[in-house]
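Q: Hey, got a minute to walk me through this one? I'd like to get a feel for the fold before I do anything else.

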Amino acid sequence: MDTDILTTLKILIIGESGVGKSSLLIRFTDDTFDQDIGATIGVDFKVKTVEVDGNRMKLALWDTAGQERFRTLTPSYYRGAQGVILVYDVSVRQTFDKLNDWLNECETYATKQDIVKMLVGNKIDKPGRQVTRQEGLQFARRHSMLFIEASAKTKDGVECAFEELVEKILQTPGLWEKESKSTIGLSIVPAGNASSCYGSCSIF
């Protein structure tokens, strides 16, 4: 029964090819992990119903391809999205260095003025880290983004990333209510408020 669903939220997952976007999505929706998952072709799409702060809502989750040849589909990805998860691989510096390009794309094509952005440093289970947690934290602060480090393989931080993003969307008037005309900018939430994130998550 969908009668008790508060709303449907559109959430995008973006970032360079190979950072683990599909793995994060599948871990969140199906609680499985495939070491040999192939690259996304164009866009993948999944739906999951979640409960956050006592509210049930449906998440329409769009997993986008990181390869340049699929970028022609970009504008339609962003249309109507309330949230975006920007992913990099902590063991590959280049995927972190490209974050500004992805952020610029989001700001260019997003149709919601107050779209909530979550930065996820994925693959913390891998040896040979090239991007420190502090670097990710500083980037997120600079761009008023939520931030967490995660591992799709071990599950660390995965549910927290999606749930905190949804919670922030719900806290942003005008972003998801169908009839509301009120809009505010993305506010900064003190790190201590992220009680469900255990020790690995920093939410602003």
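Q: What order do the elements of the chain run in, from the N terminus on?
A: From the N terminus on, the order is β-α-β-β-α-β-α-α-β-α-β-α-β. That comes to six helices and seven strands in the chain. Keep in mind that this is a predicted model.

Q: Noted. How many of the residues of the chain count as buried?
A: The chain has 204 residues, and 50% of them count as buried.

Q: And what does the chain expose, area-wise?
A: About 9,700 Å². Carbon and sulfur atoms supply 47% of that area.

Q: What about contacts in the chain, how many join residues at least 24 apart?
A: 72%, if you take the contacts between residues at least 6 apart in sequence.

Q: OK, helices. How many residues of α1 are buried?
A: Nine of its ten residues are buried, so α1 is largely enclosed by the rest of the structure.

Q: Which ones are the buried residues of α1?
A: The list is K21, S22, S23, L24, L25, I26, R27, F28 and T29.

Q: How do the axes of α1 and α6 cross?
A: At roughly 85°, and the two axes come within 9 Å. For reference, α1 covers residues 21-30 and α6 covers residues 158-170. An angle from 65 to 115 degrees counts as roughly perpendicular, so α1 is roughly perpendicular to α6.

Q: Which residues make that contact?
A: On the α1 side they are L24, L25, R27 and F28. On the α6 side you have V158, E159 and F162.

Q: How do the residues of that contact divide into nonpolar, polar and charged?
A: Five are nonpolar and two are charged, with no polar ones in the contact of α1 with α6.

Q: What happens just after α1?
A: D31 sits there with a positive phi of about 55°, although D31 is not a glycine. D31 belongs to the loop between α1 and β2, and β2 covers 43-52.

Q: Is D31 buried or exposed?
A: Partly exposed, since its relative accessible area is 42%, and buried would take under 20%, exposed over 50%.

Q: Which residue in the loop between β6 and α6 should I look at for phi?
A: Try K155, which is placed in that loop. Its phi is near 85°, a positive value in a residue other than glycine. K155 counts as partly exposed too, at 40% relative accessibility.

Q: Switching to α5. Which of its residues are buried?
A: α5 takes in residues 133-142, and its buried residues are G136, L137, F139 and A140.

Q: Where are they around the axis of α5?
A: They cover an arc of only 165° around the axis, so they are on the same side of α5.

Q: What does the backbone do just after α5?
A: S144 takes a positive phi there, about 50°.

Q: Back to F139 for a sec. What does F139 touch?
A: Leaving out residues up to four places away in sequence, F139 touches F96, L99, N100, L103, L119 and M145. F139 counts as buried because its relative accessibility is 3%.

Q: How far apart are F139 and L99, C-alpha to C-alpha?
A: The two are 9.0 Å apart in space, and 40 residues apart in sequence.

Q: What about I148, buried or exposed?
A: I148 counts as buried, at 0% relative accessibility. Its place is in strand β6, residues 146-149. I148 and R133 are 8.9 Å apart by C-alpha, with their positions 15 residues apart in sequence as the separation.

Q: Last one: where is E105 found?
A: In helix α4, which covers residues 99-109.

Q: A charged residue like Glu, so is E105 buried or exposed?
A: Buried, because the relative accessible area of E105 is 15% and the cut-off for buried is under 20%. E105 and T74 are 8.5 Å apart in space, C-alpha to C-alpha, and 31 residues apart in sequence.

Notes. Residues are numbered from 1 along each chain as its sequence is written. This is a predicted model: local features need pLDDT of at least 70, side-chain atom pairs count only at pLDDT 80 or more; totals for chains, interfaces and linings use all residues. Side-chain values use heavy atoms; hydrogens and water are left out. Helices (H or I, at least four residues) and strands (E, at least two) are DSSP runs, numbered from the N terminus. Buried means under 20% relative accessible area, exposed over 50%, partly exposed in between (1.4 Å probe, protein chains only). Contact means heavy atoms within 4.5 Å. Accessible areas come from the Shrake-Rupley method with a 1.4 Å probe; for residues, only the protein chains shown count as cover. Axes are lines fitted to C-alpha atoms, for helices over the stretch in contact, and angles run from 0 to 180 degrees between N-to-C directions. Angles under 35 degrees count as roughly parallel, over 145 as roughly antiparallel, 65 to 115 as roughly perpendicular and the rest as oblique. Ala, Val, Leu, Ile, Met, Phe, Trp, Tyr, Cys and Pro count as nonpolar, Asp, Glu, Lys and Arg as charged, and the others, Gly among them, as polar. The arc is that of the directions from the helix axis to the C-beta atoms.
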